[in-house]
Amino acid sequence: MLTIGQKFPSFSKTAVVSLEKGKEFETITSDFLVNEDNVWTVMFWWPKDFTFVCPTEIAEFNKNFTEFRDRDARLIGASTDSEFVHAAWRRDHDDLRDLKFPMLADTSKSLAEDLGILEPTEKIAYRATFIIDPQGIIRWVSVNDLSVGRNVKEVLRVLDGLQTDELCPCNWEKGQETLTV
């Protein structure tokens, strides 16, 4: 599995960005991650569309979209399902209709494989979360087993800590003192 300090792999994938007819899909590439505007990226993966735990996580990331945006961070959700399955799920599920971030489709499973997050039996993505800095370097990785949803508030807390570029003690939260040595 790729880890902290490594460059996020190159990719070009189709993503669902809207439910408006004719504007549903866009191509997102790894070039999107590298920028001079100091914008970070949080990419989170789920195993399968039309399942039970996954929409709870996706909806929670969406509820916190402005929290990420206020921290100059963009969200990208991803799975190995196709863009058409993503679009159908968004239309079908009340909590997913108004998503403010793209749903990346890795149907070839090449990006999930490059990241090292494919579950070996079903070849679906684990619940992996990557925080990527504006230079395209992975700064944080968290991977949950298929049955356990992640904590979006913890992703925000870690993003806050990374963006301070300071030493942050255990349980540190934004606004608290960092360590000095």
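Glu57, Arg127 and Arg150 are linked in a network of salt bridges, a salt bridge being a side-chain nitrogen of Lys or Arg within 4 Å of a carboxyl oxygen of Asp or Glu. Before going further: this is a predicted model, where local features need pLDDT of at least 70, side-chain atom pairs count only at pLDDT 80 or more, and totals for chains, interfaces and linings use all residues. Residues are numbered from 1 along each chain as its sequence is written, and side-chain values use heavy atoms, with hydrogens and water left out.

**Salt bridges**

Searching the whole structure turns up eleven salt bridges. One of them pairs Glu57 with Arg127, whose closest N and O atoms are 2.6 Å apart. Glu57 sits in helix H1 (residues 53-63) and Arg127 in strand S6, so this pair ties together parts that are 70 residues apart in sequence. Helices (H or I, at least four residues) and strands (E, at least two) are DSSP runs, numbered from the N terminus.

Are the two partners buried or exposed? Glu57 counts as buried because its relative accessibility is 3%, and Arg127 is buried as well, with a relative accessible area of 3%. For the cut-offs, buried means under 20% relative accessible area, exposed over 50%, and partly exposed in between (1.4 Å probe, protein chains only).

Here is that bridge again, alongside two others:

| Salt bridge | Closest N to O distance |
|---|---|
| Glu57 and Arg127 | 2.6 Å |
| Asp94 and Arg97 | 2.4 Å |
| Arg139 and Asp133 | 3.7 Å |

In the Asp94 bridge, Asp94 is exposed at 58% relative accessible area, while Arg97 is partly exposed at 33%. As for the Asp133 bridge, Arg139 is partly exposed with 27%, whereas Asp133 is buried with 5%.

**Helix H1 and the aromatic rings**

Back to H1. Its buried residues are Cys54, Pro55, Glu57, Ile58, Ala59, Phe61 and Asn62. What lies over them? The cover includes S3, helix H2 (65-70), strand S4 (73-79), helix H3 (83-92), S6 and H5.

Phe61 also takes part in ring pairing. Rings of Phe, Tyr and Trp (its six-membered ring) pair if their centres lie within 6.5 Å; planes under 30 degrees apart count as stacked, over 60 as edge-to-face and the rest as tilted. By this rule there are nine aromatic pairs. Take Phe44 and Phe61: their ring centres are 3.8 Å apart and their planes are at 10 degrees, so the pair is stacked. This pair links distant parts of the chain, with Phe44 in strand S3 (residues 40-45) and Phe61 in helix H1, 17 residues apart. Phe44 and Phe61 are both buried. Ring pairs also join Phe44, Trp46, Phe50, Phe61, Phe68, Trp89 and Phe101 into a cluster.

**Lys13 and Ile117**

Which side chains does the side chain of Lys13 meet in polar contacts? Asp106 is one, at 2.7 Å, and Ser108 is another, at 3.0 Å. A polar contact is a pair of N or O atoms within 3.5 Å; within protein, one must be able to donate a hydrogen and the other to accept it, and residues adjacent in sequence count only if both atoms are side-chain atoms. Lys13 belongs to strand S1 (residues 12-16) and counts as buried, at 10% relative accessibility. Contact means heavy atoms within 4.5 Å. Not counting residues up to four places away in sequence, Lys13 touches Glu26, Thr27, Ile28, Leu104, Ala105, Asp106, Ser108, Ser110 and Leu111.

Ile117 is in the loop between helix H4 (110-115) and strand S6 (127-132), and at 0% relative accessibility Ile117 counts as buried. Leaving aside neighbours within four places in sequence, the residues in contact with Ile117 include Met1, Trp45, Ala112, Tyr126 and Phe130.

**Positive phi**

Most residues other than glycine have a negative phi. Lys109 has a positive phi, near 65 degrees, and is not a glycine. Lys109 is found in the loop between strand S5 (103-105) and H4, and is partly exposed with a relative accessible area of 25%. Asn171 likewise has a positive phi, of about 65 degrees, without being a glycine. Asn171 has its place in the segment after H5 and counts as exposed, at 60% relative accessibility.
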